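Could you walk me through this structure in the viewer? I'd like to know what to select next and what is there.

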Amino acid sequence: MNGTLFLLNRRDFLRLVLYGSLGMSGLSGILGADYISRPLWEQYVTWQAANCDADTFVKQHAPKLALLHFGATLCPDYQLMAAEADPDRTIKLLQDYFGCAHVRLGMRWNTHAALGIGAYDRWIEALLNHGIKTVPAYGLKAPFPPETHFPPAIEKDLAALGAPRGSTIHATSPLGKLALDYSQTLLDHLEREFGLDSFYGFNPENEFDAHYGTHALAVGADLLRAQVQLLYHPHHRRRLLLNSALISPPLQPASLSTVINNALALRQEFPTIAPIVGADIYEETGAGRITANIYIDTFAGVRLRHGDQLIPNAKKRLAAAGIPLEVTEFQISDWFHEPRRYQPGSRIHTQYLLLRMMDYLVDKPPAPAQEPFVVRLWEMSMILRKMLEDERFFYSNDTYPLIQRLNQHSL
């Protein structure tokens, strides 16, 4: 991987990952050293393959790269609103420089409570005016850590509302009922101002099944179903984005399986709801971290936790059901401030994640060509804020020309 591991030979590397795995979980005693070393060795080899110039990378992987479209996840609260960014100019930068045609717009409950239900209207208007295929993301678990954004009056009383730390929120709980009232108010507003059919899709409840974030809260399948029922109309087809962290905590079903099961059940119950399953992929998993440059990445973590067949079988189920797959969060920014050999957002780091994603998630489509495989760059606010200050910031990192090149399909 990074740092120390680039200096190791194969024998030293396998010894290191075996000792690290023993120290983290004791898996080798149960599953065998080979079970552990194979996905970690693959992770290491992929780092070596990613460590090349952009022209070589594009030439070697052009067939699969041609299938991709880079969209974005955008959470204006993170940095753009505080900087008083102009939504129209910001979206124009995203479109002109990065070529993004798909955007998931993160909207927070506490922002709506503080600024009114129209707090994001200028952002929505800019996205729609520029022809962006827009997916509002909302609910209790709106995107961007800490994964919940409650109004202060609710956050200080979560236990009394049926949501103690680490619990699952259900539709019949006091908090579940408040959340559904909020979602209904928001959807009514979006219908009045823009028309719900103006939106490409909807993402109620980010990573709904995961007990992540400040309060480690998950959303129950019954609450997710109730959110979808608010969206459902028998004569209007509406896309439903359900995104997954893929991997789950110990002793829990794989997040990917949980999301697919819910997608299939919701489509069966609500025939005009068209699910999309999204995978959130990052370079490392929190449970497999030893140091900044020694860790287990998402796909190695999936294989160690859930076996080699989880993702191939999931893709078969989705293909048989005609449900598209996308990457809803593709790491382009970092939340750890520490020295790494390749920082998230650098070109080598991006090439590494692209290789991992293409190896596991992207298949060559049958003729005629299907819709592009959407890859939403995770959290563009910091990048766009800097570009608003100086558009030349775009040229200071050779990741961005690579993204622009891929989105223009100038391979």
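Start by selecting helix α11, residues 255-269. This is a predicted model, and in it the buried residues of α11 are Ser-255, Leu-256, Thr-258, Val-259, Ile-260, Asn-262, Ala-263 and Leu-266.

What covers them? Keep α11 on screen and add α10 (221-231), β7 (238-244), β8 (273-281) and α13 (310-321): the cover over the buried residues includes these four.

While you're there, put a distance between the C-alpha atoms at the two ends of α11: they sit 21 Å apart. The helix has 15 residues, and at 1.5 Å a residue the expected span is 21 Å too, so the two values agree.

Next, stay with β7 and bring in strand β5, residues 201-204. β5 and β7 run in the parallel sense, paired over two bridges. To find one of them, click Gly-201, whose bridge partner in β7 is Arg-239.

Now add strand β3, residues 133-138, which also pairs with β5 in the parallel sense over two bridges. Here, look for Tyr-138: its bridge partner in β5 is Pro-204.

Is β5 covered on one face or both? Turn the strand and check each side. Gly-201 and Asn-203 are buried on one side, Phe-202 and Pro-204 are buried on the other, so both faces are covered.

Last stop: the cysteines. Select Cys-52, which is buried with a relative accessible area of 17%, then Cys-100, also buried, at 1%. If you're hunting for disulfides, with the sulfur atoms of a pair within 2.5 Å, the count is zero.

How values were computed:
Residues numbered from 1 in each chain as written. Predicted model: local features only at pLDDT ≥ 70, side-chain atom pairs only at ≥ 80, totals over all residues. Heavy atoms only, no water. Buried < 20%, exposed > 50% of the residue type's maximum accessible area, 1.4 Å probe, protein only. Expected span 1.5 Å × (residues − 1). Contact = heavy atoms within 4.5 Å. Pairing = 2+ DSSP bridges.
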